[in-house]
Amino acid sequence: MGLLIYTSNTLSRVSSADKLYNLLTDEEQDRLIENIRLNLGQVTKPEIQIREVKQLYQADPEYGRRVATALNLDLNQFEH
């Protein structure tokens, strides 16, 4: 795995994603996951899907797991 470099902008985006996800009701979270699945599922390069899910996982592990599961991605690549 490569070196991860965090900028204040990256940390800000991760923090914002976490805050937004956790402000949503369960129903709203379900709709968000489905929306991401429908859109990110159209991406033809798996490395892009994986990169996005890693960012979501950083924001909130549950958020990342749910999106990874919705996209049928292997959870082991995110949980280490």
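Leaving aside its neighbours within four places in sequence, which residues is Gln49 in contact with? The answer comes in the second close-up below.

**Figure 1. Welcome to the fold: a predicted chain with four helices and zero strands.** This is a predicted model, in which local features need pLDDT of at least 70, side-chain atom pairs count only at pLDDT 80 or more, and totals for chains, interfaces and linings use all residues. Residues are numbered from 1 along each chain as its sequence is written, and side-chain values use heavy atoms, with hydrogens and water left out. Starting at the N terminus, the order of elements is α-α-α-α (helices are DSSP runs of H or I with at least four residues, strands are runs of E with at least two, and numbering starts from the N terminus). The chain has 80 residues, and 26% of them count as buried (buried is under 20% relative accessible area, exposed is over 50%, and partly exposed is in between, using a 1.4 Å probe on protein chains only). Among contacts with a separation of 6 or more, 52% join residues 24 or more positions apart (a contact means heavy atoms within 4.5 Å).

**Figure 2. Gln49, a buried residue of helix α3.** Here is the answer to the opening question: beyond neighbours within four places in sequence, Gln49 is in contact with Leu40, Gly41, Val43, Leu71 and Leu73. Gln49 lies in helix α3, and its relative accessibility of 10% is why it counts as buried. Look also for the polar contact with Leu40, where a polar atom of the Gln49 side chain lies 2.9 Å from the backbone oxygen of Leu40 (a polar contact is a pair of N or O atoms within 3.5 Å; within protein, one must be able to donate a hydrogen and the other to accept it, and residues adjacent in sequence count only if both atoms are side-chain atoms).

**Figure 3. Helices α3 and α4 packed against each other.** Helix α3 spans residues 46-59 and helix α4 spans residues 61-70; their axes are 5 Å apart, at an angle of about 150 degrees. The two helices are therefore roughly antiparallel (roughly antiparallel is over 145 degrees, roughly parallel under 35, roughly perpendicular 65 to 115, and the rest oblique). The axes are lines fitted to C-alpha atoms over the stretch in contact, with angles from 0 to 180 degrees between N-to-C directions. On the α3 side, the contact is made by Val53, Leu56, Tyr57 and Ala59, and on the α4 side by Pro61, Tyr63, Gly64, Arg65, Val67 and Ala68.

**Figure 4. Helix α4 from its N-terminal cap to its buried side.** Asp60 caps the N-terminal end of α4, with a side-chain oxygen 3.0 Å from the backbone nitrogen of Glu62. The buried residues of α4 are Tyr63, Gly64, Val67 and Ala68. They cover an arc of only 125 degrees around the axis, so they are on the same side of α4 (the arc is that of the directions from the helix axis to the C-beta atoms).

**Figure 5. Leu71 and Asn72, one buried and one exposed.** Both residues can be found in the segment after α4. Leu71 is buried, with a relative accessible area of 12%, whereas Asn72 is exposed at 70%. Not counting residues up to four places away in sequence, Leu71 touches Arg37, Leu40, Gly41, Gln49 and Val53. Its C-alpha atom is 9.0 Å from that of Ile36, a residue 35 positions away in sequence. Asn72 is worth a pause for its backbone: its phi is positive, about 60 degrees, although Asn72 is not a glycine.

**Figure 6. Ala17 and Tyr57, with long steps along the chain.** Ala17 lies in helix α1, residues 8-23. Setting aside residues up to four places away in sequence, Ala17 touches Ala59 and Tyr63. The C-alpha atoms of Ala17 and Tyr63 are separated by 9.3 Å, with their positions 46 residues apart along the chain. Tyr57 has its place in helix α3; Tyr57 and Ala17 are 40 residues apart in sequence and 9.9 Å apart from C-alpha to C-alpha. Apart from neighbours within four places in sequence, Tyr57 is in contact with Gly64, Arg65, Phe78 and Glu79.
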